[in-house]
Amino acid sequence: MKKVFIAGAGMTKFGELWEQDLRSLMVAAAADALESSRLGIDEIDAIYVANMGGSSFAGQDHLGSLLATELGHYVPAYRIEAACASGGLAVNTAWHALSAGLYRNVLVVGAEKMSDVSGGDVTKGLARAADDEYEAYFGATFPSLYAMMARAYMHEHNADRSDLAAVSVKNHNHGSLNPKAQFPREITQEDVLNAAMVSDPLGLLDCSPVSDGAAAVVLSTKVTSVRIAASQVSTGSIRLHDRPSLTSIDATKRAAAAAYKQAGISVPDISLAEVHDCFSIAELIALEDLGFAKPGDASKLIKDGTVYRDGTVPVNTSGGLKACGHPVGATGVKQIVELYEQITGAAGKRQLKKDISFGLAHNVGGSGGTAVVTIVEHV
Ligand code: COA
């Protein structure tokens with residue numbers, strides 16, 4: 001197998017971007033990543049587009065061809081979909097092709113345009129990533145599915161809403177340094193606890209927002225300072241009620257175990273992580289499933305500073321999905337952009353003042369039906 005490296009990365013601002021449509025977001029992120037890679041478009045052998053809801057949210061499908069057309073570069077182009085894990089899965093799929101020696105350089109673009117339809121239509125479109133027959137049909141939405149996980153977690157581990165709120169406070173603190181974040185501002189625990197209730201116990205500030213945005217990376221077999229040391233995907237039941245546990249995502253555990261093995265490392269080797277905090281409860285569960293904390297102990301890592309930007313394992317230095325925003329198809333690619341920028345010293349005001357050996361990205365589709373874990377190495 002060939003070794004795979006990251007040659008460049010870029011992204012648009014995330015937010016409610018009234019002036020930009022899905023196509024212009026994809027093109028802007030692609031141009032940013034190509035410029036960062038110093039490769040010409042003619043050197044790109046294939047294009048991978050990650051997107052969840054082109055037809056639901058933006059009235060546009062056939063995104064591989066659309067981006068090839070806009071770039072004027074007619075190479076093989078693929079659209080990859082795995083709900084909110086579309087970005088991670090596109091990176092994984094591109095990694096497969098490069099490792100197999102099929103291509104030399106590929107462009108991976110994740111994009112979503114969500115703000116052109118009503119909140120109700122966004123919620124309905126997102127719910128298509130749940131099981132239609134057993135969940136969405138009965139009115140379950142993503143906030144309500146994660147609220148059930150949060151209730152089970154609070155019951156099992158004697159946790160309360162302040163444990164959940166700690167995630168949002170941290171990620172907004174980190175996001176306040178990110179000019180590309182949708183909400184680059186700090187919030188307090190009181191803000192989170194007093195915000196409007198969305199699905200009990202999750203309030204407005206426990207939820208990632210509805211976002212527009214795109215992110216892109218250029219992956220290459222040419223050596224750079226950032227190597228993809230592991231890229232692993234697993235699945236679990238798409239239905240919450242079939243899972244062995246409501247307080248753990250078994251797909252994450254399987255993908256993480258395979259990724260640590262592939263990279264030949266263990267949890268203490270990780271210098272920073274971007275984890276999937278679509279709701280505050282999701283980050284607590286992720287920290288436990290990825291092995292950073294024992295079940296029930298994740299909020300301690302936030303409260304004692306371990307996962308803050310000056311702690312031993314900063315988590316979600318971009319602001320995470322909560323503060324940076326969650327244009328669903330773009331998120332998994334944006335996580336890799338953040339790791340790349342931190343490793344190459346291009347993170348601006350967010351730049352960590354520590355040596356980075358390995359960074360981990362964790363991207364989840366739905367309530368845990370798909371999980372992707374990517375480990376990048378500073379070489
Ligand atoms: N975090 C912080 N602020 C938010 C926010 C969020 N998640 N969502 C909205 N806001 C802000 C808006 O900017 C706006 O502020 P303003 O009044 O200063 O302009 C205000 O809150 C109201 O925004 P609005 O768009 O009316 O919110 P809403 O009630 O329509 O939507 C949610 C709020 C939480 C329901 C929506 O963001 C949501 O559905 N999030 C979950 C998305 C999701 O499920 N993703 C997939 C995960 S698996």
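**Figure 1. Contribution of helix H10 to the lining of the largest cavity.** In this predicted model, H10 supplies 3 residues, the largest share of the lining of the largest cavity. Helix H10 (280-289) and strand S10 (358-365) are the elements that give two or more residues to this lining.

**Figure 2. The largest cavity and its lining residues.** A search of the whole structure yields 1 cavity of 30 Å³ or more, and the volume of the largest cavity is about 40 Å³. Its lining is formed by Tyr146, Ile249, Thr252, His276, Cys278, Ala282, Ala286, Asp289, His362 and Val364. Sorted by class, these lining residues comprise 6 nonpolar, 3 polar and 1 charged.

**Figure 3. The ligand and its surrounding shell.** The ligand takes up the space of the largest pocket. There are 14 residues around the ligand, of which Leu204, Cys207, Ser208, Pro209 and Lys322 come nearest. The shell consists, by class, of 12 nonpolar, 1 polar and 1 charged residues.

**Figure 4. Polar atoms of the protein beside ligand nitrogen atoms.** For lysine 322, a polar side-chain atom is placed 2.8 Å from a nitrogen atom of the ligand. Serine 208 instead presents a backbone N or O atom, 2.9 Å from a nitrogen atom of the ligand. At proline 209, a polar backbone atom lies 3.4 Å from a ligand nitrogen atom. The ligand taken alone exposes 920 Å², and the protein buries 61% of that area.

Notes. Residues numbered from 1 in each chain as written. Predicted model: local features only at pLDDT ≥ 70, side-chain atom pairs only at ≥ 80, totals over all residues. Heavy atoms only, no water. Near = heavy atom within 4 Å. Polar contact = N/O pair within 3.5 Å; in protein donor to acceptor, adjacent residues only side chain to side chain. Areas by Shrake-Rupley, 256 points an atom, 1.4 Å probe, with all protein chains shown as cover. 1 Å grid on protein atoms, 1.4 Å probe; cavity = no way out; pocket = protein on both sides within 12 Å on 5 of 7 lines; lining within 4 Å. Sits in = over half its atoms within 2 Å of the grid points. Nonpolar A, V, L, I, M, F, W, Y, C, P; charged D, E, K, R; others polar. Points joined across faces, edges and corners; volume = space filled by probe spheres on them. Helix = DSSP H or I, 4+ residues; strand = E, 2+ residues; numbered from the N terminus.
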